[in-house]
Amino acid sequence: MKIGIIGGSGLDRFGDMKTVRRQSVRTPYGDPSCPLTIGEIDGIELVFLARHGDGHAIAPHEINYRANIWALDHLDVDSVIAIATVGGIGEHLGPGTLVLPDQIIDYTSGRAATFFEGPGQPVTHIDFTWPYDESVRRLLAAAAAELGEPLIGQGTYGCAQGPRLETAAEIRRMARDGCDLVGMTGMPEAALARELGLPYAMLAVVVNHAAGMGDSSQGISLEAITATLEATMLRVRNILSVLVRQATPRSS
Ligand code: HPA
């Protein structure tokens, strides 16, 4: 089992992983966010990609999602774990909460959202009823359980276009739509993985109450987000390390 990890904000490096090499991958869709890192945890190979690029330079709407997913597939990963920071829409989803979403509502526009376009490409409609892969979700849940990390096992992820944060009214509308979380990078990433048949799930890290909610009623504090990110990503790294070890049976 070779796991691919897409790191989001706050996770552009991965502590426990020993870097074996970095590999630039050219794709038919252009360049991925940065060279991919082939790494090892306890001798188990994995592939890591920083979604926003080296130094967090690429905004959510500028990410080349097709190149990123194509490159991971090209390096033969068996499944993809996406880490993404989100705002919590539900009152109970405060900073520091970890969630395994099971549904998506896509509010993005103008992003290259499919591999199936252009000359010679067949018209293809993937099934996306359940956008996240259940077996990958189970790997994440098992790793969190092993560490005693509380993880909310379902939720609807609303993907906003960004890069600005939302208005309070937009968040109220998303709540009425049934969204529990709001982020900017979950789509089209999840759909592209499904198009290539790559099992994919997201670990969402709540770093703030969404606009107008809880302590964000008057605005979102970017300083508070940074502080939460630093505290929470350590927990995420631990979950990923356990997951990689659990997912790959030792041969000796
Ligand atoms: N909105 C959109 N994306 C986000 C947020 C938010 O409040 N927090 C982290 N990513």
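Is Asp76 buried or exposed? At 54% relative accessibility, Asp76 counts as exposed, because the cut-off for that label is over 50%. Keep in mind that this is a predicted model.

## Asp76 and Asp42: two loop residues with positive phi

Let's stay with Asp76 for a moment. This aspartate is found in the loop between helix H1 (65-74) and strand S5 (79-88). Its phi is near 65°, a positive value in a residue other than glycine. That backbone setting comes just after H1.

Asp42 has a positive phi too, this one near 50°, and again the residue is something other than glycine. Look for Asp42 in the loop between strand S3 (36-41) and strand S4 (44-50). With a relative accessible area of 45%, Asp42 is partly exposed, because that label covers values between 20% and 50%.

## Helix H1: mostly covered

Now step back into the helix that precedes Asp76. H1 is mostly covered, with 7 of its 10 residues buried. The buried set is made up of Tyr65, Arg66, Ala67, Asn68, Ile69, Ala71 and Leu72.

What do the buried residues of H1 pack against? Their partners are strand S1 (3-7), S3, S4, S5 and H4. S3 and S4 are also the strands on either side of the Asp42 loop, and S5 is the strand after the Asp76 loop.

## Thr114: a buried loop residue with polar partners

Thr114 sits in the loop between strand S7 (103-106) and H2. Its relative accessible area is 18%, so Thr114 is buried, given that the cut-off is under 20%.

The side chain of Thr114 has polar partners to look at. One is the side chain of Glu195, with a polar contact at 2.6 Å. Another is the backbone nitrogen of Phe116, which lies 2.9 Å from a polar atom of the Thr114 side chain. Setting aside neighbours within four places in sequence, Thr114 is in contact with Arg66, Leu192 and Glu195. Arg66 is a name you have already met, as one of the buried residues of H1, while Leu192 and Glu195 belong to the span of helix H4 (189-195).

## Two cis peptide bonds before prolines

Two proline sites deserve a look in the viewer. A cis peptide bond joins Gly162 and Pro163, with omega at about -5°. Pro163 is placed in the loop between strand S8 (156-159) and helix H3 (168-177).

Another cis peptide bond joins Met187 and Pro188, and here omega is about 10°. Pro188 lies in the loop between strand S9 (181-183) and helix H4 (189-195). That is the H4 that the buried residues of H1 pack against.

## How H2 and H5 cross

Two packed helices are described by the angle between their axes and the distance between the axes. For helix H2 (residues 134-147) and helix H5 (residues 222-247), the axes come within 8 Å and cross at roughly 115°. That makes H2 roughly perpendicular to H5. The crossing of this pair is right-handed.

Which residues meet there? H2 brings Leu139, Leu140, Ala142, Ala143, Ala144, Glu146 and Leu147, and H5 brings Asn238, Ile239, Val242, Leu243, Gln246 and Ala247. By class, the contact has 10 nonpolar, 2 polar and 1 charged residues.

How values were computed. Residues numbered from 1 in each chain as written. Predicted model: local features only at pLDDT ≥ 70, side-chain atom pairs only at ≥ 80, totals over all residues. Heavy atoms only, no water. Axes fitted to C-alpha atoms, helices over the stretch in contact; angles between N-to-C directions. Helix = DSSP H or I, 4+ residues; strand = E, 2+ residues; numbered from the N terminus. Parallel < 35°, antiparallel > 145°, perpendicular 65-115°, else oblique. Left-handed = near helix turned anticlockwise from the far one by under 90°. Contact = heavy atoms within 4.5 Å. Nonpolar A, V, L, I, M, F, W, Y, C, P; charged D, E, K, R; others polar. Buried < 20%, exposed > 50% of the residue type's maximum accessible area, 1.4 Å probe, protein only. Polar contact = N/O pair within 3.5 Å; in protein donor to acceptor, adjacent residues only side chain to side chain.
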